[in-house]
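Q: Could you walk me through this structure, starting with its pockets and then moving to the packing inside? I'll follow up as we go.

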Amino acid sequence: MVPLSVAPMMDRTDRHFRYLMRQVTSRTLLYTEMVTTQAILRSGRSEQLLGYHPVERPLSLQLGGDDPEALRVCAQMAEDMGYDEVNLNCGCPSDRVQKGRFGAVLMKFPDQVARCVTAMKSEVSIPVTVKHRIGVDDLDTYDDMRRFVDVVSGAGADRFTVHARKAWLKGLSPKENRTIPPLRYADVYRLKTERPNLVIELNGGVETMSDAVEHLQYIDAVMIGRAAYNDPMMFAAADRLLGGGEASIRLQPEDVVRAMIPYAEEMTKDHHTRPLTIVRHLMGLVSGQPGARTFRRVLSEEGPQAENAGTLIKKALDAFELARDVVLDNPTGIYSKHHF
Ligand SMILES: Cc1cc2nc3c(=O)[nH]c(=O)nc-3n(C[C@H](O)[C@H](O)[C@H](O)COP(=O)(O)O)c2cc1C
């Protein structure tokens, strides 16, 4: 496994996006969206919520919750289903999450988080990891964070993924909480220096692979969220850059699009997945290339009424290649790439 992961993101890192990412990088750790213990245990849809394709591994299930017993049971389910890791969300600031007393508000209750980790560790042999912020509300000094980490590491957490921005639980929306509080990478580096035996992963604002490599001089791993979703191809060099593995450095976005066709066909036919649910994740794949707008337009205009996602992706790819070739064959610029 490379010291790199794609962040858990609600409404983004579903199984279809993870399958797509796996066509780009075979070794980067992928995360599910956060799934609450309540949803798993009470909705009667656990199979749907937890199902994944084996190719997605290594895969971490991110859980939301604060009840040790429920988390223990869910961790066991994760292990039984072949997940490689289970992760506890202590970083999500949304209102809905605060009501159940989980997500970032849990940073105010390190003893409770420790109880949760102890319960999960008692049940499973896969790693139990924690994702948190550098601070929350007024508990936002470096010492506050280190205290949280010290208490939770006492329960045996196997990795701490630190989102290097504090969260304001009142007054800022979840989106604002990902942009307004300043990034404090130095706090994450310091944590690694002062607690060298802990595995520390840095998250927040990492936009390029060379930024990731830079951070890796100071910490153990890097997690990338929005940049990965907007431009999955940034991971094309990940396996080779960060720890060997088969080179996908020459991988082209078209190869990834093509690899999605049989998968999308099967998902629509055999699993009755709505085409748009799959194709929406492909929008960032060819970004920046001539023909990208045509590609996105075909997918977004035809996605809602398409019957088969595979056929639609093939159509979008053909249109993209045609539009790109027109631009590339006309270096005089009569056809500007902006037309497509
Ligand atoms: C749309 C969206 C949904 C997110 N959902 C989750 C989530 O389910 N669990 C979680 O721990 N963090 C979630 N996050 C936060 C990311 O995991 C990550 O910590 C944050 O985006 C900062 O990393 P980045 O700057 O690389 O995007 C979400 C972020 C976005 C943009």
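Q: Which element gives the largest share of the lining of the second largest pocket?
A: In this predicted model, that share belongs to α3, which contributes four residues to the lining of the second largest pocket.

Q: Which elements each supply at least two residues there?
A: Each of α1 (15–24), β3 (35–36), α3 (46–50) and α12 (253–271) supplies at least two residues of the lining of the second largest pocket.

Q: What volume does that second largest pocket have, and which residues are closest to its centre?
A: The volume of the second largest pocket is about 650 Å³. Of the 23 residues lining it, D14, E33, R45, Q48 and L49 are the closest to its centre.

Q: And how does that lining divide by class?
A: The lining of the second largest pocket has eight nonpolar, eight polar and seven charged residues.

Q: Where does the second largest pocket lie relative to the domains?
A: It lies between domain 1 (4–241) and domain 2 (253–339), because both of these domains give residues to its lining.

Q: OK, the domains then: how far apart are their centres, and how many residues are in contact?
A: The C-alpha centres of domain 1 and domain 2 lie 31 Å apart, and 16 residues of domain 1 are in contact with 15 residues of domain 2.

Q: Back to pockets. How much space lies in the largest one, and what lines it?
A: The largest pocket holds about 880 Å³ of space, and of the 33 residues that line this pocket, P8, M9, M10, R178 and R226 are the closest to its centre. The elements that give two or more residues to its lining are α5 (95–99), β6 (128–133), β9 (221–224) and α10 (226–230), with α10 providing the largest share, four residues.

Q: How many of the lining residues are nonpolar, polar or charged in that one?
A: In the lining of the largest pocket, 14 residues are nonpolar, eleven are polar and eight are charged.

Q: Let's change topic: how many residues are in the largest nonpolar core, and which have the most contacts inside it?
A: The largest nonpolar core has 96 residues, and those with the most contacts inside it are L4, I224, F235 and L282. The element giving the most to this core is α12, with seven residues, and at least three residues of the core come from each of domain 1 and domain 2.

Q: What is I224 in contact with?
A: Leaving aside neighbours within four places in sequence, I224 is in contact with L4, S5, V6, A7, N203, V206, A212, M234 and F235.

Q: And F295, is that buried or exposed, and where does it lie?
A: F295 has 0% relative accessibility, so it counts as buried, and it lies in helix α14 (residues 292–302). Not counting residues up to four places away in sequence, F295 touches V257, L282, V286, A316, L317 and F320.

Q: Last one: which residues of α1 are buried, and what do they pack against?
A: Eight of the ten residues of α1 are buried, so to describe this helix as mostly covered is fair; the buried ones are H16, F17, R18, Y19, L20, M21, R22 and V24. These buried residues of α1 pack against β1 (4–6), β2 (29–31), β4 (59–64), α10, α12 and α13 (275–279).

How values were computed. Residues numbered from 1 in each chain as written. Predicted model: local features only at pLDDT ≥ 70, side-chain atom pairs only at ≥ 80, totals over all residues. Heavy atoms only, no water. 1 Å grid on protein atoms, 1.4 Å probe; cavity = no way out; pocket = protein on both sides within 12 Å on 5 of 7 lines; lining within 4 Å. Points joined across faces, edges and corners; volume = space filled by probe spheres on them. Nonpolar A, V, L, I, M, F, W, Y, C, P; charged D, E, K, R; others polar. Domains from an automatic or database assignment. Core = buried A, V, L, I, M, F, W, Y, C linked by side-chain atoms within 4.5 Å. Buried < 20%, exposed > 50% of the residue type's maximum accessible area, 1.4 Å probe, protein only. Contact = heavy atoms within 4.5 Å.
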